Amino acid sequence: MWLFGEKDRAAMPTLNGSSRERFLLWVDGVGGYLVCLQSSVTLGRAEPPGEADVPLIADLAVKHARIVREDEGYCIEAFRPTWLDGRLVERTTLLPDACELRLGAAVRMRFHRPHALSASARLEYVSGHRTLPTTDGTLLMAEHLLLGAGPRCHVFCRDWTREVVLFRERDRLYCKSRGRFAVDGKTADDRAPLSIASHVQGEDWSFTLEPLTG
């Protein structure tokens with residue numbers, strides 16, 4: 001049972017529109033993530049602001065490479081020197097799970113698609129480079145993101161006793177988990193809609209969403 005009223009639901013923002021194609025996810029006790037909703041994201045230098053979807057603080061081209069989600073998986077297209085598992089990317093190439101990408105001379109990332117039934121994926125910053133604002137990784141969100149202690153989770157949360165799902169439905173964002181939790185101080189059972197500025201609190205877990213402009 002969802003305990004928000006109709007007025008609260010009407011105020012929930014939708015996810016379509018350029019200003020809502022990305023947002024920040026801060027998971028308490030775990031870290032921060034840049035979440036990209038669009039099927040095509042550019043990787044590149046963090047300046048000038050707004051040029052790259054994944055803006056890295058590194059010596060890269062402003063638009064260095066692009067990752068695209070397609071029916072068969074994820075592909076990378078290189079605009080500047082980019083390597084996949086040590087091989088120079090010369091054409092659009094499929095990304096296998098757990099592969100390593102190198103952009104330019106020093107930026108290294110690990111690509112993971114941990115759940116076979118989810119099209120969402122994760123980029124880890126192997127070389128220690130970070131985005132602007134600083135995050136611990138990038139989540140390429142298709143329809144679902146799974147947070148929890150299991151090996152198939154997109155965000156690994158070691159101490160959580162329950163898995164939490166973020167999912168998109170009719171251009172809105174929702175949270176789902178077994179049992180009761182709170183969104184912005186209001187109680188929900190099993191599932192609830194979110195805004196792009198919500199704080200979500202469970203029995204032993206919590207996270208916050210933050211809008212990202214530009």
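Which residues form one aromatic cluster? They are Trp160, Phe181, Trp205 and Phe207. Keep in mind as you look around that this is a predicted model.

Let's stay with the rings for a while. Searching the whole structure turns up five aromatic pairs. One of them joins two members of the cluster: Phe181 and Trp205 make a tilted pair, with 5.8 Å from centre to centre and 50° between the planes. Phe181 belongs to strand E17 (residues 172-183), while Trp205 sits in the loop between strand E19 (199-201) and strand E20 (206-211), so this pair ties together parts that are 24 residues apart in sequence. Both partners are tucked away from the surface: Phe181 is buried at 2% relative accessibility, and Trp205 is buried as well, at 5%.

Another pair has a flatter arrangement to describe. Phe167 and Tyr174 are stacked, with 5.3 Å between the ring centres and planes 15° apart. Here too, both Phe167 and Tyr174 are buried. Tyr174 also has a charged companion, since Arg191 lies over its face, 4.7 Å from the ring centre. You'll find a second arrangement of this kind at Trp83, where Arg102 lies over the ring face at 3.9 Å from the centre.

Now for the cysteines. A disulfide is a covalent bond between the sulfur atoms of two cysteines. How many disulfides does the structure hold? Zero. Take Cys99: it is in no disulfide, and the nearest cysteine sulfur, on Cys75, is 11 Å away. With a cut-off of 2.5 Å for a disulfide, that separation of 11 Å rules out a bond for Cys99. Cys99 is buried, with a relative accessible area of 1%. Cys175 tells a similar story: its nearest cysteine sulfur is that of Cys157, 12 Å off, and Cys175 is in no disulfide either. Is Cys175 buried or exposed? Cys175 is buried, at 0% relative accessible area.

Cys75 comes up again when you look at Thr92. This threonine is in the loop between strand E8 (87-88) and strand E9 (93-94). Leaving aside residues up to four places away in sequence, Thr92 touches Cys75, Ile76 and Glu77. For a sense of scale, the C-alpha atoms of Thr92 and Thr138 are 21 Å apart, with these positions 46 residues apart along the chain.

Finally, the backbone has some spots worth checking on your screen. Where are the cis peptide bonds? One runs from Glu47 to Pro48, with omega near -5°, and Pro48 is in the loop between strand E3 (40-45) and strand E4 (54-56). Another runs from Leu132 to Pro133, with omega near 0°; Pro133 is likewise in a loop, the one between strand E12 (121-125) and strand E13 (137-140).

Then there are residues with positive phi that are not glycines. Asp85 has a phi of about 50° and lies in the loop between strand E7 (82-84) and E8. Its relative accessible area is 39%, which makes Asp85 partly exposed. Ala98 has a phi of about 70° and is found in the loop between E9 and strand E10 (100-103). Ala98 is partly exposed too, with a relative accessible area of 34%.

How values were computed
Residues are numbered from 1 along each chain as its sequence is written. This is a predicted model: local features need pLDDT of at least 70, side-chain atom pairs count only at pLDDT 80 or more; totals for chains, interfaces and linings use all residues. Side-chain values use heavy atoms; hydrogens and water are left out. Buried means under 20% relative accessible area, exposed over 50%, partly exposed in between (1.4 Å probe, protein chains only). Helices (H or I, at least four residues) and strands (E, at least two) are DSSP runs, numbered from the N terminus. Contact means heavy atoms within 4.5 Å. Rings of Phe, Tyr and Trp (its six-membered ring) pair if their centres lie within 6.5 Å; planes under 30 degrees apart count as stacked, over 60 as edge-to-face and the rest as tilted. A charge sits over a ring if NZ of Lys or CZ of Arg is within 6 Å of the ring centre and within 35 degrees of the ring normal.
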